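Let's take a look at how the aromatic side chains sit together in this one, with a quick stop at a threonine afterwards. Here is the model.

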Amino acid sequence: MANMRPLTVLTTSAATTAAAAIGSLTTSKSVMTWYPTLRKPSFTPPRAAFPIAWTALYADTAVTTAAAYDRLRSDGRDAEARALAGALGVNLTLNAGWSVVFFGAHRLGPAALLAAALTASSADLTRRTASASTPAGVALAPYPLWCAFATALSTQIWRLNR
């Protein structure tokens with residue numbers, strides 16, 4: 001991951017920061033008012049775990065996808081680089097969209113479905129990243145795992161609050 005171009009890292013960092021900002025702005029009020037009123041499963045992490053996990057995952061996503069993108073471009077695999085960039089855009093849209101649907105609109109069922117789509121998208125993003133750079137793919141592997149956990153959590157919250 002040492003041969004990343006600064007512009008690529010800046011671009012992926014800006015994209016992940018935008019998704020994080022949308023999520024944070026949407027979440028900030030509801031996490032203090034509405035979210036505490038929901039019934040949650042026993043495996044719900046403490047509230048402080050979420051910003052720590054998501055900050056690390058967003059940073060990881062920015063760096064690993066930048067490394068993969070630059071590797072694909074340097075190898076002349078431009079179509080795969082464009083597909084990776086598109087997959088990142090879809091992934092970050094789903095990510096921010098989950099916050100809007102869950103915390104903004106309080107729509108638990110659709111949020112659970114969106115979380116499942118985010119998990120699939122994260123797995124695809126990790127696969128694409130690994131095809132360009134095995135170390136970057138390994139580094140990104142916690143992302144779909146966390147999204148799968150978040151899907152289970154979101155689904156259980158929906159089930160408990162119907």
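Start with Tyr58: at 13% relative accessibility, this residue is buried. Keep in mind that we're looking at a predicted model.

Who is Tyr58 paired with? Its partner is Trp54, which is also on the buried side, with a relative accessible area of 18%. Both belong to helix 2 (residues 49–74), and because they are 4 residues apart there, about one helical turn separates them.

Now for the wider aromatic picture. There are 13 aromatic pairs in the structure. One of them is Trp54 with Tyr58: the ring centres are 5.7 Å apart and the planes meet at 40 degrees, so this pair is tilted. That label fits because planes under 30 degrees apart would count as stacked and those over 60 as edge-to-face.

Helix 6 (residues 142–160) has a pair of its own, Trp146 and Phe149, set 3 residues apart and so separated by about one helical turn. Here the ring centres lie 5.4 Å apart with the planes at 45 degrees, so this pair is tilted. Are the two partners buried or partly exposed? Trp146 is buried at 18% relative accessibility, while Phe149 is partly exposed at 26%. The cut-off explains the split, because buried means under 20% relative accessible area.

Side by side, the two pairs look like this:

| Pair | Centre distance | Plane angle | Geometry |
|---|---|---|---|
| Trp54 and Tyr58 | 5.7 Å | 40 degrees | tilted |
| Trp146 and Phe149 | 5.4 Å | 45 degrees | tilted |

These two pairs don't stand alone. Trp54, Tyr58, Trp146 and Phe149 are among the members of one aromatic cluster, which also takes in Phe43, Phe50 and Tyr143.

Rings also show up in another kind of arrangement, with a charged side chain over the face. Lys40 does this with Tyr35, sitting 4.5 Å from the ring centre. Arg162 does it with Trp158, at 5.0 Å from the ring centre.

Last stop, the threonine. Thr119 is part of helix 4 (residues 108–132), and with a relative accessible area of 17% it is buried. What does its side chain make a polar contact with? The partner is the side chain of Thr151, at 2.8 Å. Leaving aside residues up to four places away in sequence, Thr119 touches Pro144, Cys147 and Ala148 as well as Thr151.

Conventions:
Residues numbered from 1 in each chain as written. Predicted model: local features only at pLDDT ≥ 70, side-chain atom pairs only at ≥ 80, totals over all residues. Heavy atoms only, no water. Phe/Tyr/Trp six-rings, centres within 6.5 Å; stacked < 30°, edge-to-face > 60°. Helix = DSSP H or I, 4+ residues; strand = E, 2+ residues; numbered from the N terminus. Buried < 20%, exposed > 50% of the residue type's maximum accessible area, 1.4 Å probe, protein only. Lys NZ or Arg CZ within 6 Å of the ring centre and 35° of its normal. Polar contact = N/O pair within 3.5 Å; in protein donor to acceptor, adjacent residues only side chain to side chain. Contact = heavy atoms within 4.5 Å.
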